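Subject: The structure I promised you

Hi,

Here is the structure for you to open up and turn around on your screen. Have a look at it first, then read on for what I found.

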Amino acid sequence: MSALPPHPRQALFGHTDLRPLLPAVDHYCGVEARMRKSLALQAELGPVFDITLDAEDGAPVGGEAEHAALIAELATSEANRFGRVGARVHPWGHAAFEADVDTLIGQAGHRLAYLMIPKPDSADDVERAVAAIDAACAHHGRPPLPLQVLIETHGALRDVFRIAAHPRIESLSFGLMDFVSAHGGAIPKMAMELPGQFEHPLVVRAKLEIAAAAHAYGKVPSHCVVTEFRDTTRLAAAARRAAHEFGYTRMWSIHPDQIRPILEAFAPGADEVAEAAELLLQAQAAQWAPISFHDRLHDRASYRYFWTVLERAQRTGRALPAAAQQAFFTGSSG
């Protein structure tokens, strides 16, 4: 009996593909009612979006400890059905940082999908925050948590390639509002809005640097918020630009109404999915040698692209052709 052809992750990348496979939407919430509503929506839609419970901006001043405890309670509750709930802690150097980390890891480290580190001023700040989080994991007997970083300061943008290279970091997010504010009025308010956030040169530069750094080191670039949450048409257009023009594979949501339009914008079309599935099944049958497909020559260079189409379909909850689902994503083959 002949051996099965190797899976695309082994055949096309030379090893098991270690890029993080994160959902396309990162939904942020910090108020208790909204956190509970978001968990209920995730239970309805499935793990096609992550929920980041916000212990930083979501915490009332003076109530940081109680808010962190609430997040830990929610993360360990039955409402966290899929294990795709993370938390944003206070920045490294903030008085509440160590307490956030100790509470969240000590009480919920076994159920959290990741921690988000906001507002580092440098790669050194990221290194210090990572060391403190890892020390807390060791202290509480927890395995190291995946970590994400929010790029929203001049220093973090300057060091973005060093931050992306850190082996403990899985994703980089762009913090649009704080980045604009850090310019002391030199960038106008319109750069925090639509369409300005896709047009102002300094903001465009930041978005492109973050995406380039993330892709250079196999990390996930996560696009910033769109504050016009009632206008789903403009939101969807912005999400398409983030995905198709700026190279982002994940995007923040700050209102439940934003989740579905972002998923739709980041999902490949049905025709793209069908084409990718057919091509890759033929390539696998040929042991990943070059093939002729619809009168065009394809080899592993193009196979890698089509594999990302199927991964995006999987992450956004799109149905795959049954043969591709079985071959690539079912049981030990996936």
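**Around the barrel**

Let's start at one pair of residues: H223 stands opposite M251 in strand β8. One thing to keep in mind before going further is that this is a predicted model.

That pair belongs to strands β7 (residues 220–223) and β8, which pair in the parallel sense over two bridges. To get from one to the other, the chain goes through helix α10 (residues 232–244), and together the three make a right-handed β-α-β unit. On its other edge, β8 pairs with β1, again in the parallel sense, over three bridges. Here H27 has S253 in β8 as its bridge partner.

Which residues of β8 (residues 250–253) sit on each side of the strand? R250 and W252 are on one side, M251 and S253 on the other, and all of them are buried, so both faces are covered. If you wonder about the pattern, side chains in a regular strand alternate between the two faces of the sheet.

Now zoom out. How many strands make up the closed barrel? There are eight, running β1-β2-β3-β4-β5-β6-β7-β8 with parallel pairing. From one strand to the next, the twist averages 30°. Helix α2 packs on this sheet, touching β1 (25–29), β2 (49–54) and β3, and its direction makes about 165° with that of β2. A bit further round, β3 (residues 85–88) and β4 pair in the parallel sense over two bridges, with A87 opposite L115 in β4.

**Strand β5 and the core**

Strand β5 (residues 147–151) is a good one to click on. Five of its five residues are buried, so the strand is largely enclosed by the rest of the structure. L147, V149 and I151 point one way, while Q148 and L150 point the other way.

β5 has a partner on either edge:

- β4 (residues 115–117) runs parallel to β5 and is joined to it by three bridges; M116 has Q148 as its bridge partner in β5. The chain crosses from β4 to β5 through helix α5 (residues 123–139), and this β-α-β crossover is right-handed.
- β6 (residues 169–174) pairs with β5 in the parallel sense over five bridges, and V149 stands opposite L172 in β6.

Which residues have the most contacts inside the largest nonpolar core? They are L115, I133, I151, L172 and F174, in a core of 75 residues. You have already met I151 at the end of β5. Leaving aside its neighbours within four places in sequence, I151 is in contact with A156, L157, V160, I163, L172, S173, F174, G175 and I210. Another core, of 22 residues, lies apart from the largest one, and W288, Y303, F306 and A324 are among its members.

**Two residues in one helix**

Try S38 and A33, which both lie in helix α2 (residues 32–45). Are they buried or exposed? S38 has a relative accessible area of 2%, so it counts as buried. A33 comes out at 57%, so it counts as exposed.

The side chain of S38 makes a polar contact with the side chain of H27, at 3.0 Å. Not counting neighbours within four places in sequence, S38 is in contact with H27, C29, F49 and I51. As for A33, its C-alpha atom is separated by 35 Å from that of H166, and the two residues are 133 apart along the chain.

**Some backbone oddities**

Most residues other than glycine have a negative phi, and most peptide bonds are trans. Here are some exceptions to look up:

- K119 has a positive phi of about 50° although it is not a glycine. K119 is in the loop between β4 and α5 and is partly exposed, with a relative accessible area of 23%.
- Q287 also has a positive phi, of about 60°, and is not a glycine either. Q287 sits in the loop between α12 (270–285) and β9 (291–293), and at 44% relative accessibility it counts as partly exposed.
- The peptide bond from L194 to P195 is cis, with omega near 5°. P195 lies in the loop between α8 (176–181) and α9 (201–216).

Have fun exploring, and write back with any questions!

Cheers

Conventions
Residues numbered from 1 in each chain as written. Predicted model: local features only at pLDDT ≥ 70, side-chain atom pairs only at ≥ 80, totals over all residues. Heavy atoms only, no water. Buried < 20%, exposed > 50% of the residue type's maximum accessible area, 1.4 Å probe, protein only. Helix = DSSP H or I, 4+ residues; strand = E, 2+ residues; numbered from the N terminus. Pairing = 2+ DSSP bridges. Right-handed = clockwise from strand over helix to strand, strands pointing away. Core = buried A, V, L, I, M, F, W, Y, C linked by side-chain atoms within 4.5 Å. Contact = heavy atoms within 4.5 Å. Polar contact = N/O pair within 3.5 Å; in protein donor to acceptor, adjacent residues only side chain to side chain. Axes fitted to C-alpha atoms, helices over the stretch in contact; angles between N-to-C directions.
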